[in-house]
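I am opening a notebook on this structure and will write down what I look up, place by place.

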Amino acid sequence: MRCLTTVALSLSLFLVGLVGPIQGQLQMNFHANTCPNAEKIVQDFVSNHISNAPSLAAALLRMHFHDCFVRGCDGSVLINSRSGNAEKDAAPNLTVRGFGFIEAIKAVLEAQCPGIVSCADIIALASRDAIVFTGGPNWSVPTGRRDGRISNASEALANIPPPTSNFTNLQTRFANQGLDLKDLVLLSKMCGVCNRAHTIGVSHCSSFTNRLYNFTGRGDKDPALDSEYAANLKSRKYPSLKDNTTIVEMDPGSHKMFDLSYYQLLLKRRGLFQSDSALTTNPTTLSNINQILKGSVEGFFFEFAKSMEKMGRINVKTGSAGVVRKQCSVANS
């Protein structure tokens, strides 16, 4: 009898150990019982409004990337700070936009299902829906994320790769999030690495003018940048190093299309940022670029979807961890 009791107790503890992690994981349609229309509410809001501002699709994708790279995908990028030291106050996030869009979706959800759907889930769902609506790939978005309450500018600066990143910096910051070199190549196209969401994005000139005018501090051009492309940018777009307002397409000719031209431009040394050029300096990432170009757009969509799903799970708070903020911009709401 004692042996049976011991076995039963051990089995019980084993099952508890199994159930705990399962309950704490993301899952598809997590809110099916508590807010059945949650995902449709997000999708409908996006489809009803994104046509008025299609460039917001890239902005939301970039927001998702910047959120997940700091403390995981917990909505902390949305938090306001009276002292100006929240994530959104850090240099990498000063041109992030779409905060009001996410807050508007949150208000609709709160009216229907108070305290149920996290801001972190809204970012993940809205960024996917916006990309799909603008002709990009679809990917699975499991839900059940909880929101964080801590948002520090210093952490954003330390974790989000800047547009001046070399390969080592990119590899390290991606590896810190559990992402490999294949993810780096795939997500660099569209996920807002540094200061953009590629292919459907644009950039402020302040992110790359040093490559044109003062790469090493001696008034020189970055030798990794195609000379003809650099000359065209200087004569037609950015005649001055001091220009901080002009914007440029990061994928000339197809910046609103989800195609493979970004990778073609990389091989022509026409990537806009130093971090773009860095992808061609490593044999593994260069091989990945060539494999993408040998394949189809549909093949890229499939691989990109896998990396997006992987990114969306970075250090998520689930179960009893985190909270569901009632206002995305307020840490203690």
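**Pro 114.** I began with Pro 114, which counts as exposed because its relative accessibility is 56% and the cut-off for exposed is over 50%. I am working from a predicted model, and in it I found Pro 114 in the loop that runs between helix H4 (99-112) and helix H5 (119-133). I then looked up a partner far along the chain, and noted that the C-alpha atoms of Pro 114 and Arg 325 are separated by 9.9 Å, although these positions lie 211 residues apart in the count along the chain.

**H3 against H5.** As H5 had come up, I looked at how it packs with H3, and read an angle of about 145 degrees with the axes 8 Å apart. I noted the crossing of H3 and H5 as left-handed. On the H3 side I listed Ala 57, Leu 60, Leu 61, Met 63, His 64 and Asp 67, and these meet Ile 123, Ala 124, Ala 126, Ser 127, Ala 130 and Ile 131 in H5. Sorted by type, the residues of this contact are nine nonpolar, two polar and one charged.

**His 66.** Staying with helix H3 (residues 56-68), I looked up His 66, which has its place there. Is His 66 buried or exposed? I entered it as buried, because its relative accessible area is 0%, where the cut-off for buried is under 20%. The side chain of His 66 is joined to that of Asn 93 by a polar contact of 2.5 Å.

**Ser 140.** Next I went to the loop between H5 and helix H6 (153-159), where Ser 140 is placed. Ser 140 is partly exposed, with a relative accessible area of 35%. I listed what Ser 140 touches, leaving out residues up to four places away in sequence, and wrote down Met 28, Arg 128 and Glu 309. For one of these, Met 28, I also noted that its C-alpha atom and that of Ser 140 are separated by 7.9 Å, with the two residues 112 apart along the chain.

**Two asparagines.** I then looked at backbone angles, bearing in mind that most residues other than glycine have a negative phi. Asn 29 is not a glycine, yet I read a positive phi of about 55 degrees for it. Asn 29 is found in the loop between helix H1 (2-23) and helix H2 (38-49), and at 40% relative accessibility it counts as partly exposed. Asn 315 also has a positive phi, near 45 degrees. I found Asn 315 in the segment after helix H14 (297-311), and entered it as exposed, with a relative accessible area of 51%.

**H7.** Which residues of helix H7 (residues 167-175) are buried? I wrote down Phe 167, Leu 170, Arg 173 and Phe 174. Seen down the axis of H7, these buried residues fall within an arc of 140 degrees, so I noted that they line one face of the helix. At the start of H7, I saw that a side-chain oxygen of Asn 166 reaches to within 3.3 Å of the backbone nitrogen of Thr 168.

**Thr 285.** My last entry is for Thr 285, which has its place in helix H13 (residues 283-294) and is buried, with a relative accessible area of 0%. Beyond residues up to four places away in sequence, Thr 285 touches Phe 167, Leu 181, Leu 184, Val 185 and Leu 279, and I recognised Phe 167 from the buried residues of H7.

Key
Residues numbered from 1 in each chain as written. Predicted model: local features only at pLDDT ≥ 70, side-chain atom pairs only at ≥ 80, totals over all residues. Heavy atoms only, no water. Helix = DSSP H or I, 4+ residues; strand = E, 2+ residues; numbered from the N terminus. Buried < 20%, exposed > 50% of the residue type's maximum accessible area, 1.4 Å probe, protein only. Polar contact = N/O pair within 3.5 Å; in protein donor to acceptor, adjacent residues only side chain to side chain. Arc of directions from axis to C-beta. Axes fitted to C-alpha atoms, helices over the stretch in contact; angles between N-to-C directions. Left-handed = near helix turned anticlockwise from the far one by under 90°. Contact = heavy atoms within 4.5 Å. Nonpolar A, V, L, I, M, F, W, Y, C, P; charged D, E, K, R; others polar.
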